[in-house]
Amino acid sequence: MTTFKCIQIVALAWALAESSALLTPSQHLSASRSAGIKVQSPAFSSQYTKQRRVNITSQQRKNSSTARCSAVSSAAVTSTSSSDGKRTLTATLLLIITDIQLRSLFTKYSIAFPSSLAGCGALFLSMLALDTVSGNNKWGEKVYQLLNPGATLLAKWLPVFFVPSLITLPLASGLGDPYEMLKIITVIIGGFFFTLFSTSYSVLWVQNLSGVDNSASETSAAPEPATGKAVAAAKPFSLALFRTLKSLAWTTGLLTIGIIKKFPSSKW
């Protein structure tokens with residue numbers, strides 16, 4: 001045990017001397033052999049150093065190439081987002097201009113039918129006709145792809161611009177007797193449930209008529225096993241935007257009621 005400890009001490013001393021560059025290469029080799037340590041030759045060390053430098057250079061080139069690819073990908077994503085924004089803006093403007101022109105046309109010829117509903121039907125029939133006439137070119141599909149971004153944007157913001165008919169209820173001169181109020185409440189609540197159930201059963205009837213398998217859709221839509229983390233559903237609007245819209249709705253609503261009460265003959 002004493003001899004083994006002496007060898008360890010000598011090996012440690014020579015290692016310290018080697019790190020301080022106090023010994024020559026031949027002394028390093030002899031000291032290492034005396035301590036029982038296997039040391040490679042200087043030629044192998046030089047080759048190992050060159051190989052390490054090559055590996056470092058290759059890694060640096062690889063990192064540089066990865067960085068360039070990331071920059072190109074970021075630029076592509078930015079360009080795609082800009083292109084999508086232009087397409088959405090163009091489609092939205094086309095839909096709005098078409099709606100304004102149809103409304104002006106219906107007003108000019110005193111047509112009582114809603115212009116927006118007529119435009120919806122005309123656009124649908126036009127796309128079907130274009131698909132039929134064009135054959136494999138699918139012109140109707142191209143028109144759909146052109147207008148779809150604008151329709152998606154308008155559908156997202158539809159609740160903000162939707163004004164129900166009951167908004168004019170505070171302007172009514174009187175609601176009548178309790179019997180009339182009961183009829184109004186019955187129509188509102190009963191109409192809601194009638195619309196809900198009639199729509200659901202209509203969808204089920206159309207699915208059965210077209211032979212759609214509901215079991216496959218239910219299987220694909222089955223929820224994944226819980227992982228212990230609750231995933232919040234994505235909201236169409238942020239909380240700050242929702243509060244702003246709610247404040248604007250209350251403010252403009254009260255302002256409109258006040259203006260109409262004060263100026264009954266006003267066009268507002």
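## Overall fold

The protein has nine helices and zero strands. Keep in mind as you look at it that this is a predicted model. Walk along the sequence and the pattern reads α-α-α-α-α-α-α-α-α, so no strand turns up anywhere, because strands number zero by the DSSP runs used here.

## Surface and packing

How much of the protein is buried? Of its 268 residues, 7% count as buried. The cut-off behind that figure is a relative accessible area under 20%. As for the outside, the protein exposes about 22,600 Å², and 67% of that area is supplied by carbon and sulfur atoms.

Then there's the question of who touches whom. Take the contacts with a separation of 6 or more: 53% of them are accounted for by residues 24 or more positions apart.

## The phenylalanines of helix 7

If you like aromatic rings, the search of the whole structure turns up two aromatic pairs. One of them is Phe192 with Phe193: the ring centres sit 5.2 Å apart and the planes meet at 75°, so this pair is edge-to-face. The angle settles it, because planes over 60 degrees apart get that label. Phe193 also pairs with Phe197, and here the arrangement is stacked, with 6.4 Å centre to centre and 20° between the planes. That fits the other cut-off, under 30 degrees for stacked rings. Put together, the ring pairs link Phe192, Phe193 and Phe197 into a cluster.

Where do Phe193 and Phe197 lie? Both are in helix 7 (residues 178-210). They are four residues apart, which is about one turn of the helix. Are these two rings' residues buried or exposed? Phe193 has 40% relative accessibility and so counts as partly exposed. Phe197, at 48%, counts as partly exposed too. Both values fall between the 20% limit for buried and the 50% limit for exposed.

## Ser115 in helix 4

Now over to Ser115, a residue of helix 4 (residues 115-134). Ser115 is buried, because its relative accessible area is 11% and the cut-off is under 20%.

Which residues does Ser115 touch, once its neighbours within four places in sequence are set aside? The contacts are Asp99, Leu102, Arg103 and Phe106. If you have the structure open, pick out Ser115 and those four residues to see the contacts for yourself.

Note on methods:
Residues are numbered from 1 along each chain as its sequence is written. This is a predicted model: local features need pLDDT of at least 70, side-chain atom pairs count only at pLDDT 80 or more; totals for chains, interfaces and linings use all residues. Side-chain values use heavy atoms; hydrogens and water are left out. Helices (H or I, at least four residues) and strands (E, at least two) are DSSP runs, numbered from the N terminus. Buried means under 20% relative accessible area, exposed over 50%, partly exposed in between (1.4 Å probe, protein chains only). Contact means heavy atoms within 4.5 Å. Accessible areas come from the Shrake-Rupley method with a 1.4 Å probe; for residues, only the protein chains shown count as cover. Rings of Phe, Tyr and Trp (its six-membered ring) pair if their centres lie within 6.5 Å; planes under 30 degrees apart count as stacked, over 60 as edge-to-face and the rest as tilted.
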